[in-house]
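The following note is addressed to a student reading a structure for the first time. Please keep the sequence and the model in view while working through the numbered points.

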Amino acid sequence: MGSGGTRAAGGPARPTSKDVARLAGVSHTAVSFVFNGRAEGNLSAATQERIRQAAEQLGYRPNAVARGLRRSRTAVIGLVTDHIASSPFAGALLRGAMETAWEQGHLVLTVDSTGDPAKENAAVAELLDRRVDGIIYAAMSLRTAQLPEGLERTTTVLANCLPADGARAAVVPAERAGGRAATRLLLDAGHRRIAVAGGLDDIATAERLRGFRDALRGAGLHAPKEWTRREGGEISAGYQAAVRLLDGVPPAERPTGIVCYNDRVAAGVLHAAARLGLDVPTGLSLVGYDDQEHMAAFLTPALTTVALPHRAMGERAARLLLDALAAQAAPPAEVVRLECPVVERASVAAPPIGS
């Protein structure tokens, strides 16, 4: 083994830091400085670059286990969720967290509890036994969370949920601002009779409704109480809400625009509009919420909507956690609210002439 590398049984020799030092023409200590984050002030930029190029040429990767033992860390963080990993809606949160952690040399171990508190407690205990550096706790739907036992023993950041005691860092969507943005899409198109379809007894509904009322108030408008139809969050709820808002109502008295609780509700409103002979968007404009993958862009017409920032939540939560680990301090116990971007497509137009 003249290269000095180690050999797995039946496999090629794995390059070592000594191999990198030899190829770069530097000391073994210099290589250690580069891959342990101590190069600045000890090595010139040119020497650092030469070491990195040698490592890339050899295919060298630092031994994460050994490096973690030296730092009393494992370079692994845990991610405990209720339903995200088994759901098609929020996988982007996982991807955002995992890719952000990977860029900073960390792996993510994910456990999905399917909403079982006992499983969440067991998952946290197992992750702590495996000496993860910290844990992200993420929820499928925005809610106030009763956190699993054991999180007080490690650095923790919440994603898409709020701590019941207010004592943890949390990253959530700016739902009230999202409700304002959805409503302003219709206001900016000229609509003055705007209703809300769908909704649940949850934080997201309450915040989006506040944003809806903010936007109307800012335009000097007010929607009748019966134009807020909190029928639920599924396609059937949207259909039911639209029928109650539109069926048999004279054109001059019905809403010309509807803000929907989510994209599934918007699909139900589209179905009801078609049955009632209303064209979208020339006869009725719609705004959804979520920008649901494989759905919003494929409705007819393609749905204008407000996206939930799932990926950005995962990225920010991971960054907060990793920054806190680097600083060896708990992240600030504050709520970070992320913008919900508007995605304009084809379901909004000016209201019908004479409306």
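1. Which residues of E3 are buried on one side, and which on the other? The model under discussion is a predicted one. In E3, Val76, Gly78 and Val80 are buried on one side, while Ile77, Leu79 and Thr81 are buried on the other. Both faces of this strand are thus covered. As a general point, side chains in a regular strand alternate between the two faces of the sheet.

2. The count for the strand agrees with this picture. Six of the six residues of E3 are buried, so the strand is largely enclosed by the rest of the structure. The cut-off needed here is that a residue counts as buried under 20% relative accessible area.

3. The pairing of E3 should be examined next. E3 pairs with strand E4 (residues 107–112) in the parallel sense, over six bridges. Within this pairing, Ile77 has Val108 of E4 as its bridge partner. E3 also runs parallel to E5, to which four bridges join it; here Leu79 stands opposite Ile136.

4. Asp82 lies in the loop that connects strand E3 (76–81) with helix H5 (91–103). Asp82 counts as buried because its relative accessibility is 5%. Beyond its neighbours within four places in sequence, Asp82 is in contact with several residues, among them Asp112, Ser113, Glu120, Met140 and Arg143.

5. Helix H11 (residues 310–327) permits a check of length. At 1.5 Å a residue, its 18 residues should span 26 Å, and the end C-alpha atoms are 26 Å apart, which agrees. After H11 comes Gln328, whose phi is positive, near 55°.

6. The two sides of H11 should be compared. Its buried residues are His310, Met313, Gly314, Ala317, Ala318, Leu321, Leu322, Ala324 and Leu325. They cover an arc of only 160° around the axis, which means that they are on the same side of H11. The general reason is that an α-helix has 3.6 residues a turn, so residues three or four places apart point the same way. Ala326 and Ala327, on the other side of H11, are exposed.

7. What covers the buried residues of H11? The covering elements include E3 and H5, together with strands E5 (134–138), E7 (155–159), E9 (169–173) and E15 (335–338). The strand of the opening points is therefore part of this cover.

8. A final remark concerns Gln240, in helix H9 (residues 235–246). Gln240 is partly exposed, with a relative accessible area of 34%. Its C-alpha atom is separated by 66 Å from that of Ser17, a residue 223 residues apart from Gln240 along the chain.

Definitions and conventions:
Residues are numbered from 1 along each chain as its sequence is written. This is a predicted model: local features need pLDDT of at least 70, side-chain atom pairs count only at pLDDT 80 or more; totals for chains, interfaces and linings use all residues. Side-chain values use heavy atoms; hydrogens and water are left out. Helices (H or I, at least four residues) and strands (E, at least two) are DSSP runs, numbered from the N terminus. Buried means under 20% relative accessible area, exposed over 50%, partly exposed in between (1.4 Å probe, protein chains only). Contact means heavy atoms within 4.5 Å. The expected span of a helix is 1.5 Å times one less than its number of residues. The arc is that of the directions from the helix axis to the C-beta atoms. Two strands pair if DSSP finds at least two bridges between them.
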